[in-house]
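Colleague: I should like to learn how to read a protein model, feature by feature. May we go through one together?

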Amino acid sequence: MAGLGLRRVAWWRVSGTTIGVVGGRWRATVTPWGAVVPHDGSAVLEWAVAGDERWYVPRDERTVRQELMRGVPVLETRVRVGTGDAVHRAYAVADAGGLTVVEVENLSPQPFAVAFTRRDVRTSRPIPETPVVGVDLPPGSWIAPVGHRARVRIALAHRAPAPGPLPRLLPTADQVARGWELQVETATRFDGGPAADVPVAALRAALLLDGPGGPAREHVGFLLGARELVELGSHVEGVSDEVAAAAERIGRRHRGADVVSWDADAAVEAAGHVLRAIGDVRAARDAAALRRALPPATPPPPVPPPGPAALAWLRRTLAVDDRAGAVDLLPAPLPRGVSGSDLSVHGLRVGEGAVSFAVRWHGERPALLWDAQGIRRLMCTGLDPTWSTSQPTGEALLHQTR
């Protein structure tokens, strides 16, 4: 148990998931065992459970399991206590100027007690002065009893944390998760196919909280992230020069090259998309001309890369344009395990156009349904190299078998 409690740690050295409120500045990392590590350098909010005749310290327990509720930044961490679980949930809300809510539910057959390592939190009952015994916790730690099927809830204020009563009618973890789910689904919706290998909701939520990064660090990642934020409806005004400069750096790097990597090509395409979205038509045209001057792009790898680049991989795996208005849907054969499964894509922007499409299998043959705007010609070489159309909407039973 050494080291648990009121520590000030460098959050960027801690693995975990970022939580916060979109539009707010406060952020924290929730570790794989449920500790809340604020990015402002304030003390870590840890927890421990007394039950079944011993203390359970989540950081040291082998039975810890954690998941994102609905794939978004609402963390649920479970620790085995006796023959049941202590369930810890952590999430951020905008209520009362911004709060991080932590609740612990008792899903074990016996009552237990939960200890917290910060006293400057909002609670439903006054924090007791009784010292915590039987476990090495820092000074000021306190303990709350939790009956069978009951829960205790606390909240850490994002500004000027201090003890006090919990606000009434705080959103539940499930309500917050549903809100996040709606927010990340405002962009292109993916169902099935290659999307099964990409945690779309979690990656989009991370971008909304952390931003796309800076081109000084990695301009390809910056442009890919900025494009995704535009798709999500984020305000990115004032970045026109930064976006254009990042695209130009990619162009200079590949001048005279035989090929351009798939993600660099996607980044220049993303620059044009961002510039059009913010109304800089001239810069968007320059980005389109820059992309047309790039050498041929390599195909994306068969598996998604880690991090936000996986979103660009998914878009490029589902559709790629020839930089002149023609779009190839599913340009590579579907991998084994995906071929034969239905998939659908809604509102996918490609080049200067957009397309929604679905694949439905009829035995060994795929049927393609599509609705395209601003696209000169559609192909689907990964399923049927012989098929193409200039019709903006329609459906076709393709000839290539799995």
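Modeller: The turns below take up helices, buried residues and sheets. Please keep in mind that this is a predicted model.

Colleague: Let us begin with two helices. At what angle do the axes of α1 and α2 cross?

Modeller: The axes of helix α1 (residues 173-184) and helix α2 (residues 200-210) cross at roughly 90° and come within 10 Å. An angle of 65 to 115 degrees counts as roughly perpendicular, and α1 and α2 are therefore described as roughly perpendicular to each other.

Colleague: Which residues make the contact between α1 and α2?

Modeller: From α1 the contact uses Trp180, Gln183 and Val184, and from α2 it uses Ala201, Arg204, Ala205, Leu208 and Leu209. Sorted by class, the residues in this contact are 6 nonpolar, 1 polar and 1 charged.

Colleague: Next, a single residue. Is Glu228 buried or exposed?

Modeller: The reading rests on relative accessible area, where buried means under 20%. Glu228 has 2% relative accessibility, and so counts as buried. Glu228 belongs to helix α3 (residues 215-231).

Colleague: With which side chains does the side chain of Glu228 make a polar contact?

Modeller: One polar contact joins the side chain of Glu228 to the side chain of Arg204 at 2.8 Å. Another joins the side chain of Glu228 to the side chain of Arg315 at 3.2 Å. Arg204 is also among the α2 residues that make the contact with α1. Setting aside neighbours within four places in sequence, Glu228 is in contact with Ala187, Arg204, Leu207, Leu311 and Arg315.

Colleague: Let us turn to a residue in a loop. Where is Val132 placed, and is Val132 buried or exposed?

Modeller: Val132 sits in the loop between β11 (122-123) and β12 (142-146). Its relative accessible area is 18%, so Val132 is buried. If residues up to four places away in sequence are not counted, Val132 touches Trp55, Leu137, Ser141, Trp142 and Ile143.

Colleague: Now for the strands. What should one know of side chains in a strand?

Modeller: In a regular strand, side chains alternate between the two faces of the sheet. For pairing, consider strand β19 (residues 353-362) and strand β20 (residues 365-373), which pair in the antiparallel sense over 9 bridges. Within this pair, Arg360 has Ala367 of β20 as its bridge partner.

Colleague: How many residues lie between the strands in the hairpin of β19 and β20?

Modeller: The hairpin has 2 residues between the strands, and Gly363 takes a positive phi near 65° there.

Colleague: Which strand do 5 bridges join to β20?

Modeller: That strand is β23 (residues 393-397), and β20 and β23 run antiparallel. Here Trp370 has Gly394 of β23 as its bridge partner.

Colleague: How does one read an open sheet, and what is the order of the 4 strands in the one here?

Modeller: One reads the strand order, then the edges. The order of this open sheet is β16-β17-β21-β22, with mixed pairing. Its edge strands are β16 (319-321) and β22 (384-389), each of which pairs on one side only. From one strand to the next, the twist averages 20°.

Colleague: How many bridges join β16 to β17, and which helix lies across β16 and β17?

Modeller: Strand β16 is joined to strand β17 (residues 326-329) by 3 bridges, and the two run antiparallel. Val320 has Asp328 of β17 as its bridge partner. Helix α7 (residues 309-318) lies across β16 and β17, and runs at about 75° to β16.

Definitions and conventions: Residues numbered from 1 in each chain as written. Predicted model: local features only at pLDDT ≥ 70, side-chain atom pairs only at ≥ 80, totals over all residues. Heavy atoms only, no water. Buried < 20%, exposed > 50% of the residue type's maximum accessible area, 1.4 Å probe, protein only. Polar contact = N/O pair within 3.5 Å; in protein donor to acceptor, adjacent residues only side chain to side chain. Contact = heavy atoms within 4.5 Å. Pairing = 2+ DSSP bridges. Axes fitted to C-alpha atoms, helices over the stretch in contact; angles between N-to-C directions. Parallel < 35°, antiparallel > 145°, perpendicular 65-115°, else oblique. Nonpolar A, V, L, I, M, F, W, Y, C, P; charged D, E, K, R; others polar.
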